[in-house]
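Let's walk through this one together, starting with the overall picture and ending with the charged side chains. Keep the viewer open as you read.

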Amino acid sequence: MNPRFRNVRRFGPVQVASFLARGRNRHLAACTAPRCDFSAEYDSRTAAELAARTHRCKA
């Protein structure tokens, strides 16, 4: 089953979204720039937003 992303925000090229996984709220930060493979899951929205703000693309 695919997660339903909600509360999606963009910080530069990185998108942060919340979703429900195994009954818990999870938060995802993923870079949308070409050839950038950055993506990570976090327990808190604050951590995901911090990762999005400090991410620097290698591509």
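Among the contacts in the chain with a separation of 6 or more, 23% are between residues 24 or more positions apart, a contact being heavy atoms within 4.5 Å. Bear in mind that this is a predicted model, where local features need pLDDT of at least 70, side-chain atom pairs count only at pLDDT 80 or more, and totals for chains, interfaces and linings use all residues. Residues are numbered from 1 along each chain as its sequence is written, and side-chain values use heavy atoms, with hydrogens and water left out.

On to overall dimensions. The C-alpha atoms fill a box of roughly 35 × 25 × 15 Å along the principal axes. The radius of gyration is 11 Å, which agrees with the value near 10 Å for a compact globule of 59 residues; that radius is taken over C-alpha atoms, and the globule rule is 2.2 Å times the number of residues to the power 0.38. Of the 59 residues, 32% count as buried, where buried means under 20% relative accessible area, exposed over 50%, and partly exposed in between (1.4 Å probe, protein chains only). About 4400 Å² of the chain is exposed, with carbon and sulfur atoms supplying 49% of it; these areas come from the Shrake-Rupley method with a 1.4 Å probe, and for residues only the protein chains shown count as cover.

Now trace the chain. From the N terminus on, you'll meet β-β-β-β-α, that is, one helix and four strands. Helices (H or I, at least four residues) and strands (E, at least two) are DSSP runs, numbered from the N terminus. The four strands make an open sheet in the order β1-β2-β3-β4, with antiparallel pairing; two strands pair if DSSP finds at least two bridges between them. β1 (6-11) and β4 (39-42) are at the edges with a single partner strand each, so one side of each has no neighbour in the sheet. From one strand to the next, the twist averages 20 degrees, using axes that are lines fitted to C-alpha atoms (for helices over the stretch in contact) and angles from 0 to 180 degrees between N-to-C directions.

Look at the individual pairings next. β1 and β2 run antiparallel and are joined by four bridges, one of which matches F11 with V14 in β2. Two residues lie between the strands of this hairpin, and G12 takes a positive phi near 65 degrees there. Strands β2 (residues 14-21) and β3 (residues 24-31) pair antiparallel over eight bridges, and F19 has R26 in β3 as its bridge partner.

R26 is worth a second look. Its relative accessible area is 17%, so R26 counts as buried. What does R26 form with D43? R26 and D43 form a salt bridge, with the closest N and O atoms 2.1 Å apart. This pair links R26 in strand β3 to D43 in the loop between β4 and α1 (45-54), 17 residues apart. R26 also forms a salt bridge with E41, at 3.2 Å between the closest N and O atoms. The count comes to five salt bridges, each being a side-chain nitrogen of Lys or Arg within 4 Å of a carboxyl oxygen of Asp or Glu.

Finally, turn to helix α1. E49 and R53 both lie there, four residues apart, about one turn of the helix, and their side chains meet in a salt bridge (3.3 Å, N to O). E49 is buried at 14% relative accessible area, whereas R53 is partly exposed at 47%.
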